Amino acid sequence: MLLGYAAGVVFFTGAFSWLGALGILFDSFALRGLSLLLSTYLGLYFAFWAWFIGLIAPRDFLGSIRNLLIAFLAACAWVAHEWIRGWLFGGFGWNGLGVALHGNWPLIQIAEFTGVTGLSFAVVFANVIAVMIPLRLFAEARTGKMRPHFDLTLTLSGLVGLCAFGLFTAQNRPLTKPLRVAAVQADVPQIEKFDPQFTAQIFDRFARLSDIALHSSPPPDLVIWPESSMPDPVRDPNTASQRFVTEFSVSSKTDLLLGTLDVEDGHEYNAAALVSGSTQQMQIYQKIHLVPFGEYIPLRRSFPLFAAVAGKWVAGDFDFGKDYTVFRLTKNDVLVASLICFEDTIGDLTRRFVLNGANLLVNVTNDGWFLHSAASHQHLDNAIFRCVETRRPMVRAANTGVTCFVNEFGRVTQILQDDAGGTFTEGVLTGEVNVPQDRQLTFYVRYGELFAQLCAVVTLIALISFLWKASALSAPKSLPK
């Protein structure tokens with residue numbers, strides 16, 4: 001358990017080191033250590049998994065069937081802890097082991113059945129076997145008893161099978177229809193976004209970049225601006241943002257999807273809006289999954305002292321949206337799921353939009369909070385699995401970071417870069433996205449995290465069984481009379 005906890009703290013501190021960028025942004029030494037503080041909690045998941053491994057580990061590794069069983073139980077336990085980490089205390093499911101395979105598109109296609117946790121299962125299973133094989137060879141050399149290594153053979157066959165399935169899937173593309181899209185990356189510094197003295201500059205930047213997109217040939221059917229692109233709520237008729245968006249929409253006659261603040265009945269929301277180019281009607285989606293300590297302070301009213309400290313950086317809370325709103329474009333055969341910020345890293349949330357009919361995923365995000373760190377690229381690495389799980393393409397429009405197009409197989413087909421290949425730049429990405437027309441639902445969309453839940457059940461049964469066996473062995477035996 002101690003080794004597992006140490007490994008977890010080291011892993012999460014390094015993986016989320018980009019949280020330290022908040023310390024630079026807010027000029028706070030305390031925030032620079034945020035990744036270490038977070039890892040003291042997240043490391044507990046590794047600790048309990050390692051404890052479970054110590055519980056089930058055999059004394060020797062000479063049996064293929066037993067080795068396969070140990071690898072299976074270890075992989076199930078890992079999936080169970082990743083699944084729990086994704087929802088417990090608000091959830092922080094970033095960077096599961098399966099995400100490490102984001103660039104290996106043939107392997108990741110199994111996610112349409114299992115979600116990304118299925119890939120974590122494969123990684124753990126293969127690595128546990130890889131650890132046990134040398135131990136087994138050493139034991140066999142010492143005892144002189146050599147046996148067939150079915151554990152290694154079956155594991156390698158399984159990996160080959162996953163690749164073969166991925167290659168087969170890529171050859172059977174669904175019926176699609178092209179949609180011309182322009183994603184604007186304005187690269188507005190975070191300290192300027194809501195400062196009134198920069199409002200005119202922000203409007204000018206979006207107008208200039210969008211004008212480039214509108215004069216492309218052919219012009220886009222959909223223009224996308226990132227999260228919180230406007231400094232004021234666009235539904236408020238008394239704001240400069242509302243007037244700017246209305247004037248742009250009237251002149252462009254193109255559907256515009258943008259991130260915005262929204263106020264309704266005294267509640268404030270982080271939201272996305274779609275303004276139809278032909279009718280000027282506005283559709284609103286209010287963000288459902290808020291980021292704890294970023295968009296709200298958990299238990300703010302229950303612990304005033306804690307809220308007073310955290311409130312230094314999060315002065316007020318957004319309210320949670322309730323509806324999985326799907327936007328209908330002027331082209332009625334395109335229905336959009338507008339995922340805001342880190343919502344595109346949550347598989348179970350994304351699938352609910354697809355169940356409501358969405359055949360195009362759009363992520364509007366502002367990764368400017370984390371400056372030029374690894375956050376935006378990790379964000380993309382986690383997000384591409386939503387395309388595989390749902391078999392829907394994704395358009396990502398970032399304030400800065402990674403603006404790109406991802407197809408239904410999780411491959412990045414276009415990406416906005418500067419002349420040096422960097423992604424932290426202003427610009428506009430235009431191109432075609434192939435939107436599926438058959439509306440088929442994948443196994444994952446229909447049943448969600450069923451695979452992870454089954455792994456959790458298996459882990460619980462194994463845990464009870466091994467603990468009961470251990471207690472039976474340690475119990476004192478009565479002597480016969």
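Modeller: Let's start with a term. A residue is called buried if its relative accessible area is under 20%, exposed if that is over 50%, and partly exposed in between. Take D348: at 25% relative accessibility, D348 counts as partly exposed. Keep in mind that we're looking at a predicted model.

Biologist: Okay. Which residue forms a salt bridge with D348?

Modeller: First the general idea: side chains of opposite charge can pair when their charged atoms come close. Here the partner is R352, and the closest N and O atoms are 3.2 Å apart. Both residues sit in helix 12 (residues 347-355), four residues apart, which is about one turn of the helix. R352 is partly exposed too, at 33% relative accessibility.

Biologist: And how many salt bridges does a search of the whole structure find?

Modeller: It turns up 14 of them. Another one joins R136 to E140, with 3.1 Å between the closest N and O atoms. Those two are also four residues apart, this time in helix 7 (residues 116-143), so about one helical turn separates them.

Biologist: Are R136 and E140 buried or exposed?

Modeller: R136 is buried, and E140 is buried as well. There's a bit more to this spot: R136, E140 and D151 are linked in a network of salt bridges.

Biologist: What about R205 and E426, how do their side chains meet?

Modeller: In a salt bridge again, at 3.8 Å from N to O. R205 belongs to helix 9 (residues 199-214), while E426 is in the loop between strand 11 (412-415) and strand 12 (427-436), so this pair ties together parts that are 221 residues apart in sequence. E426 itself is partly exposed, with a relative accessible area of 31%.

Biologist: Let's switch to helices. At what angle do helix 4 and helix 5 pack?

Modeller: The general idea is that two packed helices are described by the angle between their axes and the distance between the axes. For helix 4 (residues 34-56) and helix 5 (residues 64-85), the angle is about 160° and the axes are 10 Å apart. That makes helix 4 roughly antiparallel to helix 5, since angles over 145 degrees are counted that way. Helix 4 supplies L42, Y45 and W49, among others, to the contact, and helix 5 supplies residues including L73, W78 and H81. By type, the contact residues divide into 13 nonpolar, one polar and one charged.

Biologist: How does helix 5 pack with helix 7?

Modeller: At an angle of about 145°, with the axes 8 Å apart, and the crossing is right-handed. Among the residues that meet are F72 and W78 in helix 5, and F125 and R136 in helix 7. So you've run into R136 twice: in this contact and in the salt bridge with E140. This contact has 15 nonpolar, four polar and two charged residues.

Biologist: Last topic, the backbone. Which peptide bond is cis?

Modeller: As background, most residues other than glycine have a negative phi, and most peptide bonds are trans. The bond from S217 to P218 is cis, with omega near -5°. P218 lies in the loop between helix 9 and strand 2 (222-224).

Biologist: And what is the phi of Q280?

Modeller: It's positive, about 65°, although Q280 is not a glycine. You'll find Q280 in the loop between strand 4 (267-275) and strand 5 (282-286). R439 has a positive phi too, about 60°, and isn't a glycine either; its loop runs between strand 12 and helix 14 (443-447).

Key: Residues numbered from 1 in each chain as written. Predicted model: local features only at pLDDT ≥ 70, side-chain atom pairs only at ≥ 80, totals over all residues. Heavy atoms only, no water. Axes fitted to C-alpha atoms, helices over the stretch in contact; angles between N-to-C directions. Parallel < 35°, antiparallel > 145°, perpendicular 65-115°, else oblique. Contact = heavy atoms within 4.5 Å. Nonpolar A, V, L, I, M, F, W, Y, C, P; charged D, E, K, R; others polar. Salt bridge = Lys/Arg side-chain N within 4 Å of Asp/Glu carboxyl O. Buried < 20%, exposed > 50% of the residue type's maximum accessible area, 1.4 Å probe, protein only. Left-handed = near helix turned anticlockwise from the far one by under 90°.
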